[in-house]
Amino acid sequence: MGRKVAIIGAGVSGLASIKCCLEEGLEPTCFEKNDVIGGLWQFTDIPEKGRTSVYRSVMSNTSKEMTCFSDFPFPESCPNYLHHSLFLEYLKDYAKHFHLLDCIQFKTTVYSIRKHPDFTTTGQWVVYTEANGKKASTVFDAVMICSGHFTEPNLPLNSFPGIENFKGHYMHSWEYRDPKGLEGKKVLILGAGNTGGDVAVEVSRTAAKVFLSTRNGAWVVSRMSQAGWPGDMISQTRFLNFILRLLPISIRDKLLAKKFNQWFNHKNYGLIPIKSSLAYVILNDELPTCILCGSVVVKPNVKRFSETSAIFEDGTIEENIDVVIFTTGYAASFVFLEESVRNVCKSSTFLYKQIFPPQLEKPTLAFIGFISVTGSILPPVELQARWVTRVFNGSNKLPPMNRMMNEIAKQKKRLLKKTPN
């Protein structure tokens, strides 16, 4: 019998982790609080507290060729970019093909994970669960946290003075499913990321007016390359990535800005980022046309709200705003971890290779998918799970803590250089 591994969550990361555990002779048990696999790819008509779900029209931002797991390609009948329902079917087929469902306990909530009293010698964890009103505890040799970083909606109300007096309706994109109920209304969307762009385009078809407020700007990129191939197949190659890493950041950003502006001049559309950084790239084929036609109006950051209007940092005012949608992202939450562990896992930058907490006496806790990547999350998650399971079964070893801490410090410096001020 192999070492027992607890896996928290049956989304993309959890499924890959189960498979890798089985391949490495480990005994996985996956705990999923919902009654289905798929994580946020499982669409729900009504928002459920504690559960993040895609909105109705979501399409993948990465092509099927660049998205699939290494040993399980998408069917040829699938389009290059996938509606969320097709993506979920793929995950279901993956789980069925590799017999992963037998390892999953559905409708089971993990409410606490604590070090075993003998942790310093065994590295074991006690996982406390609740299912059907019954609580239980189980000892595991290792734990893989696969709950992702789309956990708690980030609603930065303190950054928008006057929002407490706003008489219209405001909500986070976590609540958004489709434009129903927004017909004929003046809608303000805060945040020009992928979600903000998608929602702005979709709502603009039936709303009276849509304003898209952006603090940083964004490079808007098409899903299609100039030759008609999926864009990520052309732009996300090892060769191009190698060349970009060799270039000084200032030269890299100038070249990228020139490339991004070949489709349209972002400055003319009020979208040019405050810094020419890859941190502000979104995929949206319709947004430039909506701006050109006036159905979406780009605005700078909101300075403050009044009861019925939004006052922007450039001094302009938009009156009679009916609805404000915050597309301001999410924050990771690991409330089930004991405090001593949770404090060193606030960000993936605190983790060795963004996976292992370096301060633990035993390398038996790992975070899978707690990363931001350019492109699909599936390939890097699979690689993470392969490595972690080989560390768990003893095939691979982690370096001493001081070397891991030095590597983390170097990684933070690299990130600071890349991150816009």
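This is a short walk through one sheet and a handful of salt bridges in a predicted model.

**Stop 1: the sheet**

Select β9, β18, β10, β11 and β14, and colour them in that order. Those 5 strands form an open sheet, with parallel pairing. Now look at the two ends: β9 (169-172) and β14 (296-299) are the edge strands, and each has a single partner, so one side of each has no neighbour in the sheet. Look along the strands too: on average, neighbours are turned by 20° against each other, ignoring direction.

Next, zoom in on one pair. Residues 186-190 make up β10 and residues 323-326 make up β18; the two run parallel and share 4 bridges. Show L190 and you'll find F326 of β18 standing opposite.

Keep the sheet on screen and add residues 194-204. That's helix α5, which packs on the sheet and touches β10, β11 (209-213), β14 and β18. Its direction makes about 170° with that of β11.

**Stop 2: the salt bridges**

Time to switch to side chains. Searching the whole structure turns up 14 salt bridges; here are some to click on.

Start with D45 and R56, whose closest N and O atoms are 3.0 Å apart. Both residues sit in the loop between β2 (27-31) and α2 (64-67), so this pair ties together parts 11 residues apart in sequence. Turn on a surface: D45 is exposed at 51% relative accessible area, while R56 is partly exposed at 36%.

Now pick D285 and R223, a salt bridge with an N to O distance of 3.5 Å. This one links distant parts of the chain, 62 residues apart. You'll find D285 in the loop between β13 (281-283) and α9 (287-293), and R223 in the loop between β12 (219-221) and α6 (231-235). How accessible is R223, buried or exposed? R223 has 14% relative accessibility, so it counts as buried, the cut-off being under 20%. Its partner D285 is partly exposed at 33%.

For a bridge inside a helix, go to α11 (residues 378-392). R386 and E382 both lie there, 4 residues apart, or about one turn of the helix. Their side chains meet at 2.9 Å, N to O. Check the surface again: R386 is partly exposed at 30% relative accessibility, whereas E382, at 6%, counts as buried.

**Last stop: a network**

Finish by selecting K19, E23 and D71 together. These residues are linked in a network of salt bridges.

Methods:
Residues numbered from 1 in each chain as written. Predicted model: local features only at pLDDT ≥ 70, side-chain atom pairs only at ≥ 80, totals over all residues. Heavy atoms only, no water. Pairing = 2+ DSSP bridges. Axes fitted to C-alpha atoms, helices over the stretch in contact; angles between N-to-C directions. Contact = heavy atoms within 4.5 Å. Salt bridge = Lys/Arg side-chain N within 4 Å of Asp/Glu carboxyl O. Buried < 20%, exposed > 50% of the residue type's maximum accessible area, 1.4 Å probe, protein only.
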